[in-house]
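Subject: Structure handover

Hi,

Here is the structure I promised to pass on. Please open it and keep it beside this email while you read.

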Amino acid sequence: MALLSMQNISKTFPGVKALDRVNLDVQKGEIHAVVGENGAGKSTLMKILSGVYAHGDYDGDILFDDKPARFAGISDSEKQGIIIIHQELALVPQLSIAENIFLGNECASNGVIDWRRTNRRTDELLAKVGLVEAPTTKVDNIGVGKQQLVEIAKALSKDVKLLILDEPTAALQENDSRKLLDLMLELKAQGVTCIIISHKLNEVRYVADSVTVIRDGMTVSKLDAKAGLSENEIVRDMVGRDMTHRFPDHKRTPGKMLLEVEDWNVWHPEHAGRQVIRDASFNVRAGEVVGIAGLMGSGRTELAMSIFGRSYGRNISGAVRLNGKPVDVSTVDRAIAAGISYVTEDRKALGLVLDETIRFNTTLANLDGVSSGSVLNRNEETRVAERYRKALAIRTPSVFQKTVNLSGGNQQKVVLAKWLFTAPEVLILDEPTRGIDVGAKYEIYSIINDLAAEGKGVVMISSEMPELLGMCDRIYVMNEGALVGELAVGDASQERIMSLIVNE
Ligand SMILES: Nc1ncnc2c1ncn2[C@@H]1O[C@H](COP(=O)(O)OP(=O)(O)OP(=O)(O)O)[C@@H](O)[C@H]1O
Ligand SMILES: [Mg+2]
C-alpha cells in the first residue's frame, strides 16, 4: 500500500529547473532510497515533501496517506508525521542532548520546563537509538555519528510515520554507518517508513527495498530490491552511461622527496594536558599520492590542520621540509606561499564563504593570481572561475551564483577549485569525495592523477578504504594521534589496515 505519492513535481530556481515532473512512490513500511548525481534534485524534492518549500512554491501533487498534502511549512508536515533530517545537521552545539531533542517542543507544565520528565524521556529515546550518553551532555562534545543518532532520537520524540534521511552517513565512519543502517532496519520492523538519500550504493543495497533514480531533475527509473539491486545498474541510471571502472587508470613514477614531516607533536588547544598528535613522521614524493587511513577521531584532520599554518593545536613542535629545506608553515599564508594547500573536510565551517559567489570563493585563496599590483582584475577572476567550473563540472547556471545555492557535492567541488588555484606543490585533501556522486568522484580522481603526473605530491585523508586502495601509492595508518603503520598499496588491503588500527 502506498504511503506517499509525489506526482509530476516541478520546481524552478532562478536559472535552474531543479525538478521536472518527478514522480516518487513510497510504500508503507519500506525503506526507499533516492539516488542521483550531485545537483540532480534529491534534496530539493525532500524539501518540498517536508514543507520547507511550501505548497504553491512548486508544481505537482503530493498524496500522503491517500490524502492531498499541501504543507505551508515544516510544522505542517511534522504534524502529519513526516520528519526530515537534513544533509547538514541542525543541532545546536551549545545545548545539551535533551535540550536539542525537545527544542520547541518542551515538556512543560504551567510554562515551566519539567527537567525531570525531559531527561527521563530523553533517556528512553536514547535507549531506542542505542546511544549511551547522559541527556545533559552538550552536543558539542559528542562526535558526528552520535549527533546523527540524536537527530533520529529527536525524530522519534515526535510521532514519526515517514522518516527522511538526507545523506545520513556522509560524515560517518564505517562502523557508525552500519549502526545507523541497522537502526533504520529496526525502525522499519516497528512500522516506520523511511526515505534515504545516499551516494554510498553499498549502503543502498544493504537497506533499501526499492530505489528511485533521479537524473537532471527527472525520474529515470524505479528499481525493486526484490529483483536484486546491482550497483552497476544503479550507476548506469544515475550517470546515463556504463561505468565499469570506479578509478581512472594511472601509472605513477614517484620522483624526488617533496614534503617531509618529522616528529610532529601537537597538544589540544583547550585541554593543556592532552596530546593530540604524537611523534608523527611521514613524507610524500613528487608525483606520489599518499593516503592516511584511520578511524574518525584518530587525529588525521588535526595532523593536517596543525601542519597547514597551525590552524589547529598548541605547543606544536617538529620539522617540516619541502624539497629538503626547512619551511615556515606557521601561518596559513606562509604555508600557501611555501607551496602547501589543504582542502578541508568541513566545507561549511572552513572551506567556503557560503553567502558569496562561486567566482569569489574560487579565487579567495589566491587573489594575487587574479590581480595586477593590488588591483583585482574582475574579468580574469571570472575567467578563472569559469575554467574550474568546466574542469570540475560544477553544476550551476553561472559562476555568479551564491555557493549556498549549490547542491552539497557541488559546494565540495568549489572548495577543491579554490585550493587547486593556489597551484600548490603539495595538496592535502581531507575527505575530498565526501558526499560526492560516483561520476563526479571519478572526475576528482582524474584531477588527482593529473596533479601527480605534473609532479605534485598529494596527501589524501579518507575514511573510504576502497578509495585509498584505488588511488594511493602508499598508505599510512593513524591511530590515537600516532602513525602506527605504513603500507605500500601492493601490500595493503582493508583487512590489513583495520588490523593495524585495532592492534595498536
Ligand atoms: N535555493 C536555491 N537557489 C538556487 N538554486 C538552487 C537552490 N537549491 C538548489 N538549487 C539548485 O537545484 C539543483 C538541485 O539541487 P539539490 O540540492 O536538490 O541537489 P541534490 O540532488 O541534493 O545534490 P547533492 O547530491 O549534491 O546533495 C542544483 O542545480 C542546485 O544548484
Ligand atoms: Mg543534496
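Which residue takes a positive phi in the hairpin of S1 and S2? It is Gly15, with a phi near 80°. That hairpin has two residues between its strands. One caution before we go on: the model is predicted.

**The four-stranded sheet**

Start with the sheet that holds this hairpin. It is open, and its strands follow the order S2-S1-S4-S5. The pairing is antiparallel. Strand S2 (16–27) and strand S5 (67–68) form the edges, so to speak: each pairs on one side only.

Now take the pairs one by one. Eight bridges join S1 and S2 in the antiparallel sense. Find Lys11 and look across to S2: its bridge partner there is Leu19. Strand S1 (residues 2–13) also pairs with strand S4 (residues 59–64), again antiparallel, over five bridges. Here Leu4 has Phe64 in S4 as its bridge partner.

A helix packs on this sheet. Helix H1 (residues 42–49) touches S1, S2 and S4. The direction of H1 makes about 115° with that of S1.

**A salt bridge by this sheet's strands**

Side chains of opposite charge can pair when their charged atoms come close. The structure holds 28 salt bridges. One of them joins the side chains of Lys28 and Asp65, at 3.3 Å from N to O. Why does this pair tie together parts that are 37 residues apart in sequence? Lys28 lies in the loop between S2 and strand S3 (31–35), and Asp65 lies in the loop between S4 and S5, so the salt bridge links those two loops.

**The six-stranded sheet**

Next, find the open sheet with the strand order S18-S21-S22-S15-S23-S24. The pairing in this sheet is mixed. Its edge strands are S18 (340–343) and S24 (482–488), and each pairs on one side only. Neighbouring strands are turned by 20° against each other on average, direction ignored.

Look at one pair inside it. Strand S21 (residues 426–430) and strand S22 (residues 457–461) run parallel, joined by five bridges. Val426 stands opposite Gly457 in S22.

Two helices are worth finding here. Helix H14 (residues 408–420) lies across S18 and S21. H14 runs at about 175° to S18. Helix H15 (residues 438–453) packs on the sheet and touches strand S15 (289–294), S21 and S22. The direction of H15 makes about 145° with that of S22.

**Domains**

The domain assignment gives domain 1 (2–239), domain 2 (253–339 + 424–504) and domain 3 (349–423). Domain 2 is listed in two segments.

How far apart do the C-alpha centres of domain 1 and domain 3 lie? They are 31 Å apart. The two domains do meet: nine residues from domain 1 and eight residues from domain 3 take part in the contact. Together they bury about 550 Å², with 42% of it on carbon and sulfur atoms.

Charged and polar pairs cross this interface too. There are two salt bridges between domain 1 and domain 3. Three residue pairs are in polar contact across the interface. For a salt bridge to look up, try Arg395 with Asp216: their closest N and O atoms are 2.7 Å apart.

Over to you.

Note on methods. Residues numbered from 1 in each chain as written. Chains lettered and ligands numbered in written order. Predicted model: local features only at pLDDT ≥ 70, side-chain atom pairs only at ≥ 80, totals over all residues. Heavy atoms only, no water. Pairing = 2+ DSSP bridges. Axes fitted to C-alpha atoms, helices over the stretch in contact; angles between N-to-C directions. Contact = heavy atoms within 4.5 Å. Domains from an automatic or database assignment. Buried area = accessible area lost by both parts, 1.4 Å probe. Salt bridge = Lys/Arg side-chain N within 4 Å of Asp/Glu carboxyl O. Polar contact = N/O pair within 3.5 Å; in protein donor to acceptor, adjacent residues only side chain to side chain.
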